[in-house]
Amino acid sequence: MNLAKNKFAAPHSDGCMAPAENFPPLQFSIATSWSDALLSELVSLNRAHSRTRFSEIYGAHRTSITGHGRPAYRLPQVDQDVFERHVRCARQLGLRFNYVMNAPSFGGREQSPGWLQEVSNLLEYLAGCGVSGVTIAHPSLLQFVKREFPDFRLNVSLIAGVDTVAAARKFEDLGVDAINLNPFTINRDFDALRAIRRAVRCELELYANIPCLDHCPRRAAHYEYSARASQETGNPEVRQDPFLMRCSHTFLSEPVEFLRSPFIRPEDVSAYREAGMDIIKLSDRTESTEFLLGTARAYAGEKYDGNLFNLIFRGGRKIRSGLGLVPSGPAVREIPVVIRNQVLDELGFIDQIKKLRGDDLAEFYRTAAVRAVEFVDSKAIDEWRGMLQKRLAA
């Protein structure tokens with residue numbers, strides 16, 4: 001295709017963008033693998049990049065009284081001494097540690113004094129370890145922590161689904177320090193991002209390398225499922241995830257969905273800095289130190305030259321984990337998907353997203369998918385789809 005004649009070619013700068021140095025350094029919050037080596041490398045990245053700063057790591061035990069947004073089977077077991085040493089090491093290196101307790105509901109247990117006492121015991125332990133703050137989705141738990149543990153930094157979880165000015169103001173009125181906005185609906189809506197930025201003074205955070213479907217209709221149900229599978233009183237022995245299986249089948253059936261997915265590329269971070277965002281969240285708590293460091297380097301440098309399927313969609317590991325094929329399990333066939341990030345650069349990916357709406361945006365995604373997304377081995381893709389369909393029908 002002749003890019004000069006392509007209406008989706010990258011536009012020339014109009015010279016109206018504010019200089020990068022006028023914006024404060026962008027913060028990053030990244031999942032931890034419980035390796036102290038990860039922490040020292042993040043500090044090294046802070047020294048190497050003046051426009052970005054890794055300020056926080058986050059994590060949680062496999063199960064807890066509150067639960068969180070990942071089923072227990074997908075997370076490593078963290079012994080008490082490892083947890084305490086890791087938190088202490090993070091603090092010594094100038095990094096905050098944020099503990100994730102962001103289940104969307106607790107089955108009414110939040111009304112029980114006994115349950116609240118167990119939560120209080122956990123929070124006292126976390127404070128004693130040096131944990132800086134907590135990420136919470138449930139408003140009642142937010143209010144409880146704000147009242148009983150006012151020294152904790154309070155982050156509103158993306159699971160709370162904040163994507164309007166009204167919702168953001170309500171949470172700010174609760175006294176929170178940061179709001180992680182709903183990536184499913186708002187990551188690519190710059191008008192909404194700017195409106196919320198103008199409306200609140202607390203920090204705003206976006207989840208960047210999200211490998212999920214755009215406006216996923218099963219989002220709320222999936223987080224309820226994950227919460228129950230990470231709560232001590234729930235079902236932490238579950239070993240597969242039907243929600244992941246269903247969305248994985250959609251991705252492998254409709255290639256355009258890979259680009260409609262609301263991820264933020266490393267190259268596009270500056271657009272969100274300019275929209276007034278304070279923090280970029282990077283995941284995943286299920287990943288290795290090697291992967292997390294590669295992700296950190298890409299986003300700190302605002303550049304990724306490889307296959308975007310490996311960076312955003314974890315090379316298919318999320319698809320495998322939905323089936324219960326976690327990394328420690330048997331070797332399985334690769335998922336041969338390629339997403340050419342350089343082609344997205346040529347098409348002016350973030351600039352098109354910022355300006356296009358409705359049918360024009362849908363056409364752009366289709367055009368970009370034809371050029372940038374490839375199923376390298378169609379037979380292997382068919383086999384993966386068949387495996388997912390069989391498990392879903394079981």
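**Barrel, helix H3 and nonpolar cores in a predicted model**

Glu346 is partly exposed, because its relative accessible area of 26% lies between the limits of 20% for buried and 50% for exposed residues. The structure is a predicted model. Glu346 is located in helix H15, which covers residues 341-346. Between Glu346 and His49 there are 25 Å in space, taken from C-alpha to C-alpha, and the two are 297 residues apart in sequence.

The strands were examined next. A barrel is closed by eight strands, with parallel pairing, in the order E1-E2-E3-E4-E5-E6-E7-E8. On average, and with direction ignored, neighbouring strands of this sheet are turned by 30° against each other. E3 and E4 run parallel and are joined by three bridges; Tyr99 has Val134, in E4, as its bridge partner.

Two helices were placed relative to these strands. Helix H1 (residues 36-48) lies across strands E1 (26-31) and E2 (52-59), and its direction is at about 160° to E2. Helix H2 lies across E2 and E3, with an angle of about 140° to E3.

Helix H3 comprises 17 residues, 113-129. From its first C-alpha to its last, H3 reaches 24 Å, which is close to the 24 Å expected at 1.5 Å a residue. Its buried residues are Trp115, Val119, Ser120, Leu122, Leu123, Leu126 and Cys129. An α-helix has 3.6 residues a turn, so residues three or four places apart point the same way. The buried residues of H3 pack against two helices, H2 (80-92) and H4 (139-148), and against two strands, E3 (96-100) and E4 (133-136). After H3 comes Gly130, with a positive phi near 105°.

The nonpolar residues were then considered. The largest nonpolar core contains 123 residues. Those that touch the most other members are Phe83, Tyr99, Leu123, Val145, Ile179, Leu181 and Ile339. Helix H12 (residues 289-301) supplies the largest share of this core, with seven residues. A second core, separate from the largest one, has five residues, among them Tyr73, Tyr225, Ala229 and Phe243.

The contacts of Phe83 were listed without residues up to four places away in sequence. Phe83 touches Trp34, His61, Val78, Phe97, Tyr99, Tyr125, Leu126, Cys129 and Val131. Of these contacts, Leu126 and Cys129 are among the buried residues of H3, and Tyr99 is the bridge partner of Val134 in E4.

Conventions:
Residues are numbered from 1 along each chain as its sequence is written. This is a predicted model: local features need pLDDT of at least 70, side-chain atom pairs count only at pLDDT 80 or more; totals for chains, interfaces and linings use all residues. Side-chain values use heavy atoms; hydrogens and water are left out. A nonpolar core is a set of buried Ala, Val, Leu, Ile, Met, Phe, Trp, Tyr and Cys residues joined through side-chain atoms within 4.5 Å. Buried means under 20% relative accessible area, exposed over 50%, partly exposed in between (1.4 Å probe, protein chains only). Helices (H or I, at least four residues) and strands (E, at least two) are DSSP runs, numbered from the N terminus. Contact means heavy atoms within 4.5 Å. The expected span of a helix is 1.5 Å times one less than its number of residues. Two strands pair if DSSP finds at least two bridges between them. Axes are lines fitted to C-alpha atoms, for helices over the stretch in contact, and angles run from 0 to 180 degrees between N-to-C directions.
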